[in-house]
Amino acid sequence: MTFRTRFAPSPTGPLHLGHAYSAMLAHDMARKADGVFLLRMDDIDRERSKAEWETLAFQDLTWPG
């Protein structure tokens with residue numbers, strides 16, 4: 001069985017440091033267990049979700065590596 005973690009932000013606004021911390025923890029846990037880290041956009045709030053926020057989230061997550 002493969003260990004999997006995920007980070008699923010809603011594209012309803014900019015990410016903040018708490019998001020980065022959560023994503024880094026999930027990523028590091030997956031790496032330590034030789035597992036898989038998944039990034040999933042949780043766009044269930046259709047009224048507030050915006051494509052530009054999704055694009056920005058991907059860009060924001062590149063700076064912590």
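Reader: How much area does the chain expose, and what share of it do carbon and sulfur atoms supply?
Author: Keep in mind that this is a predicted model. The chain exposes about 5000 Å². As for the share from carbon and sulfur atoms, that comes to 55%.

Reader: OK, and what percentage of the residues is buried?
Author: To count as buried, a residue needs under 20% relative accessible area. The chain has 65 residues, and the buried ones make up 23%.

Reader: In what order do the elements run from the N terminus?
Author: There are 2 helices and 2 strands to place. Starting at the N terminus, they run β-α-β-α.

Reader: What share of the contacts with a separation of 6 or more comes from residues 24 or more positions apart?
Author: Here we're looking at contacts within the chain, leaving aside any with a separation below 6. Of those, residues 24 or more positions apart account for 73%.

Reader: How far apart are the centres of the positive and negative side chains?
Author: The chain carries 8 positive side chains and 9 negative ones. Take the centre of each set, and the two lie apart by 6 Å.

Reader: Now serine 22: is it buried, partly exposed or exposed?
Author: Serine 22 sits in helix H1, which covers residues 17-32. Its relative accessible area is 35%. Buried takes under 20% and exposed takes over 50%, so serine 22 is partly exposed.

Reader: And what separates the C-alpha atoms of serine 22 and lysine 50?
Author: Along the chain, serine 22 and lysine 50 are 28 residues apart. In space, their C-alpha atoms are separated by 22 Å.

Conventions. Residues numbered from 1 in each chain as written. Predicted model: local features only at pLDDT ≥ 70, side-chain atom pairs only at ≥ 80, totals over all residues. Heavy atoms only, no water. Helix = DSSP H or I, 4+ residues; strand = E, 2+ residues; numbered from the N terminus. Buried < 20%, exposed > 50% of the residue type's maximum accessible area, 1.4 Å probe, protein only. Contact = heavy atoms within 4.5 Å. Areas by Shrake-Rupley, 256 points an atom, 1.4 Å probe, with all protein chains shown as cover. Lys, Arg positive; Asp, Glu negative; His and termini not counted. Charge placed at Lys NZ, Arg CZ, Asp CG, Glu CD.
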